[in-house]
Amino acid sequence: MADIAVDIAELANRRRLCVRASLSRRHLIERLFRAGGLTAIVIALGLVATLFGMMASKGAPAFMQATLSLDVTFDPAVITVAPPPARAAGQSEADYRAAMLVWQRQVTLANWSAIVETAVRNAAPPGFEIDRRGALALVETNERHRLRDMFVADPGLLGQTVRVDMLASANTDNWLKGTINRALPDSRQQLSRQTRTLADTLLAEGKIRFAFAWHLFTNTDSRSAPAAAGLAGAFVGSLYMMLIVIALAVPIGVASAIYLEEFALRHRVTDLIEVNINNLAAVPSIVFGLLGAAVFIRYFGLPMSAPVVGGLVLTLMTLPTIIIATRSALRAVPLSLRQAALAVGASPTQTVFHHVLPVTFPAILTSAIIGVAQALGETAPLLLIGMNAFVASIPATPFDQSSALPAQIYLWQGNENRNFFEARTSAAIMVLLGLMITLNALAIFLRTRLERRV
């Protein structure tokens, strides 16, 4: 009996040791799993921080741009125009406008480049020699048009000297920011030696300063005046497209999901529809661009480079995502909720719209906003419908030609003035990422807020 008791005790001890060893392995595996998950999170956050850091370091200089403070004299010897016509008694509005257009045409023919050149020479140190081309190269080319518009708005400026802040040219901005190697010989520099010296001198004297580039958000794209190029036209074009996506993709996608999940009978047709929806969600976005070019532009005759075409293409691309997300939210609702609603006498339609949808509304809203945010950053389908064309105007309607933020980034990335537009491209990417992050944050906020109410 004693031997049997010893054997039992030894067996129990062995089992205890095996259990402890097994628990130790399990705890070790659990710690390794947690460490691996934490490491993956840290790596992911590090990569995201690196991405944003690179974009911020490259794009931040573009938000500050060199600006010249010059004393501009509206010289009557250069602006040789008569006073603006006054509206005579009994003169029609059309005749008065025609007379004003004739006067404005005369103002445009004035030598505004000479006005800019004189302002630059007056700002230079006494005795500083610079030719006409070098003086004009210091200032952005469209500033002479701004002086003309100032005079048209206020003809009383004739003969006066006023302080005007003018944008420095893109080459001047590059030189002052150090994006051009100063050790390069004159033959490889974009500005003459006199212009570079004058720029450094005016910067040291405080006549050139770096100010926030508000025109990046208020101006349209420009090839003749790259320093004044902005995102206004592309931003409005993207806004029109997002409004079209919200107006079409969200209601159609939600309605389709509700019908397929709650009301459609299970047969081959609905199965085929479900398979096609799942397949469309995995189709590359460039295929939707080809479809939009073939159907909306060639067949329906809609204009190229128009936000309405881009909105329709992005609607087709976003629909499968919204439908799948909405159906997943509907499936997550417990069956008991539907049964309870039917038990108290609610019809199937009332059950869906009065009891099921209010529960799933936060998830549906979140999926819709995320789908719209994803569509905002798409580039490939927009390139195929012509939205990478150069458009130097803000679209008044969705049927006007326009660009979009992703397409504008694509255009600036390929610009020949790499030294200037590399930072401008990164700044545009920061704006686009900011909009997408804002939309995603809005989705999270609305979902949390609505879930509390539910």
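These points describe a predicted model, taking its strands, cores, open and enclosed spaces, and two loop residues in turn.

1. Strand pairing. Strand β1 covers residues 64–73 and has two partners. With strand β2 (residues 161–167), β1 runs antiparallel and is joined by 7 bridges. With strand β3 (residues 208–212), β1 also pairs in the antiparallel sense, over 5 bridges. For checking the register, D71 stands opposite R163 in β2, and Q65 stands opposite A211 in β3.

2. Burial of β1. Of the 10 residues in β1, 7 are buried, so the strand is mostly covered under the cut-off of 20% relative accessible area. In a regular strand, side chains point alternately to the two faces of the sheet.

3. Largest nonpolar core. This core holds 51 residues, and M242, V309 and L314 have the most contacts inside it. At least two residues of this core come from each of α9 (232–263), α11, α12, α14 (348–376), α16 and α17 (418–453). The largest share, 10 residues, is supplied by α12.

4. A further core. Apart from the core just described lies another, of 35 residues. M100, A110, V139 and L147 are among them.

5. Contacts of M242. Which residues does M242 touch, leaving aside those up to four places away in sequence? They are L314, V372, A375 and L376. Of these, L314 is also named with M242 among the residues with the most contacts inside the largest core.

6. Largest pocket. The largest pocket contains about 610 Å³ of space. Its lining has 31 residues, and E140, N171, R223, S224 and P226 lie nearest the pocket centre. By class, the lining divides into 11 nonpolar, 13 polar and 7 charged residues.

7. Elements around the pocket. Helices α3 (112–123), α4 (132–136), α6 (170–177) and α16 (405–413) each give at least two residues to the lining of the largest pocket. The largest share comes from α4, with 3 residues. Helix α16 also supplies at least two residues of the largest nonpolar core.

8. Residue R223. One of the residues nearest the pocket centre, R223 sits in the loop between α8 (215–218) and α9. Is R223 buried or exposed? It counts as exposed, because its relative accessibility is 59% and the cut-off for exposed is over 50%. R223 and A123 are 100 residues apart along the chain, and their C-alpha atoms are separated by 27 Å.

9. Enclosed space. Rolling a probe the size of a water molecule over the atoms shows where empty space is left. How many cavities of 30 Å³ or more are there? The count is 1, and the largest cavity contains about 40 Å³ of space. The residues lining the largest cavity are T220, D221, G233, A234, V391, S393, S402, S403 and Q408. This lining comprises 2 nonpolar, 6 polar and 1 charged residue.

10. Backbone at S305. Most residues other than glycine have a negative phi. S305 is not a glycine, yet has a positive phi of about 60°. The residue lies in the loop between α11 (285–299) and α12 (307–331). With a relative accessible area of 5%, S305 is buried, because the cut-off is under 20%. A reader checking the loops has two cases to set side by side: S305 is buried, whereas R223 is exposed.

Technical notes: Residues are numbered from 1 along each chain as its sequence is written. This is a predicted model: local features need pLDDT of at least 70, side-chain atom pairs count only at pLDDT 80 or more; totals for chains, interfaces and linings use all residues. Side-chain values use heavy atoms; hydrogens and water are left out. On a 1 Å grid over the protein atoms alone, a cavity is a set of points where a 1.4 Å probe fits but cannot get out, and a pocket is an open set with protein on both sides within 12 Å along at least five of seven lines; lining residues have an atom within 4 Å of a point. Grid points are joined across faces, edges and corners, and a volume is the space filled by probe spheres set on the points. Ala, Val, Leu, Ile, Met, Phe, Trp, Tyr, Cys and Pro count as nonpolar, Asp, Glu, Lys and Arg as charged, and the others, Gly among them, as polar. Buried means under 20% relative accessible area, exposed over 50%, partly exposed in between (1.4 Å probe, protein chains only). Helices (H or I, at least four residues) and strands (E, at least two) are DSSP runs, numbered from the N terminus. Two strands pair if DSSP finds at least two bridges between them. A nonpolar core is a set of buried Ala, Val, Leu, Ile, Met, Phe, Trp, Tyr and Cys residues joined through side-chain atoms within 4.5 Å. Contact means heavy atoms within 4.5 Å.
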